[in-house]
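This report goes through the side-chain contacts of one protein chain, from a single residue outward to cores, rings and surface. Please keep the structure at hand while reading.

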Amino acid sequence: MNRWMKIAHSEATKGMLSNDGGPFGAVVVKDGKIIAQAHNEVLKKNDPTAHAEVNAIRKASKELGTFDLSGCELYTTCYPCPMCLGAIYWARIDALYYGATKEDAAHGGFDDQNFYEMIGGKESDLKLEQIDHKKNAQLFDEWLKKEDKKFY
């Protein structure tokens, strides 16, 4: 087993056995060194965003003092859900190595596939309606005028 994936796997096992959350672990590596490692803590924190990948990204950002994790690699025990995949893109992580598949997660009772289908256009039970467009779109005009803004 890959040495970084072995650590992610250990994190997943630790979190699962302690009932912190599902069987997911992640490790952020930069220049051959572990920057952060984490497991799923959705149940422990009562936080639906406390997935292993998000937790590891948060820890790595804090450790490195930046939101830009360019130059980092992420090792995760399962193909990321859409939320985590979005966080990985936003963090600018260079490479993602994953173990189990979306199908494996579905076999384990996790409904990531439903979210991927909704993103792809499948209708869902979520009410989605645009309101107050003009006023909210003006925020971007204000953002562009802001002289001390920092793009990310």
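## A buried glutamate in helix 1

In this predicted model, Glu 11 has a relative accessibility of 6% and therefore counts as buried, the limit for that class being under 20%. Glu 11 belongs to helix 1, and when residues up to four places away in sequence are not counted, Glu 11 touches Gly 25, Gln 37, Ala 38 and His 39.

The side chain of Glu 11 also meets that of Lys 14 in a salt bridge, with 3.5 Å from N to O. Both partners lie in helix 1, which covers residues 3-17, and they are 3 residues apart, about one turn of the helix. Unlike Glu 11, which is buried, Lys 14 is partly exposed, with a relative accessible area of 47%.

## Other salt bridges

The structure holds 5 salt bridges, and another of them joins Lys 44 to Glu 41, where the closest N and O atoms are 3.6 Å apart. Here Glu 41 counts as buried at 11% relative accessibility, whereas Lys 44 is exposed, with a relative accessible area of 53%. These two residues are also part of a network of salt bridges that links Glu 41, Lys 44 and Lys 45.

Asp 148 and Lys 146 form a further salt bridge, in which the closest N and O atoms are 2.5 Å apart. Asp 148 is exposed, its relative accessible area being 59%, while Lys 146, with 36%, is partly exposed.

## Nonpolar cores

The largest nonpolar core has 18 residues, and those with the most contacts inside it are Val 28, Ile 57, Ala 60, Leu 69, Leu 74 and Ile 93. Two or more residues of this core are given by each of strand 1 (25-30), strand 2 (33-39), helix 3, strand 3 and helix 4 (82-91). Helix 3 supplies the largest share, 4 residues.

Ile 57, leaving aside its neighbours within four places in sequence, is in contact with Val 28, Leu 69, Ala 87, Ile 88, Ala 91 and Ile 93. Apart from this largest core lies another, of 6 residues, with Trp 4, Met 5, Ala 8 and Val 29 among them.

## Aromatic pairs

Of the 4 aromatic pairs in the structure, one is formed by Phe 24 and Phe 110, whose ring centres are 4.9 Å apart and whose planes stand at 80°, so the pair is edge-to-face. This pair links distant parts of the chain, 86 residues apart, with Phe 24 in the loop between helix 1 and strand 1 and Phe 110 in the loop between helix 5 (102-107) and helix 6 (112-119). Phe 24 counts as buried at 11% relative accessibility, and Phe 110 as partly exposed at 31%.

The rings of Tyr 79 and Tyr 98 also make an edge-to-face pair, with their centres 4.9 Å apart and their planes at 85°. Tyr 79 is found in the loop between strand 3 and helix 4, and Tyr 98 in strand 4 (residues 95-100), 19 residues apart. Tyr 79 is partly exposed at 22% relative accessibility, as is Tyr 98 at 41%; ring pairs link both of them with Tyr 116 into a cluster.

## A nonpolar surface patch

Phe 67, Trp 90 and Tyr 152 make a nonpolar surface patch of about 420 Å². Within this patch, Phe 67 is partly exposed, with a relative accessible area of 41%, and is placed in the loop between helix 3 (52-64) and strand 3 (72-78).

Note on methods
Residues numbered from 1 in each chain as written. Predicted model: local features only at pLDDT ≥ 70, side-chain atom pairs only at ≥ 80, totals over all residues. Heavy atoms only, no water. Salt bridge = Lys/Arg side-chain N within 4 Å of Asp/Glu carboxyl O. Buried < 20%, exposed > 50% of the residue type's maximum accessible area, 1.4 Å probe, protein only. Patch = residues over 30% accessible without salt bridge, like charges linked within 9 Å, V, L, I, M, F, W, Y side chains within 5 Å. Areas by Shrake-Rupley, 256 points an atom, 1.4 Å probe, with all protein chains shown as cover. Contact = heavy atoms within 4.5 Å. Core = buried A, V, L, I, M, F, W, Y, C linked by side-chain atoms within 4.5 Å. Phe/Tyr/Trp six-rings, centres within 6.5 Å; stacked < 30°, edge-to-face > 60°.
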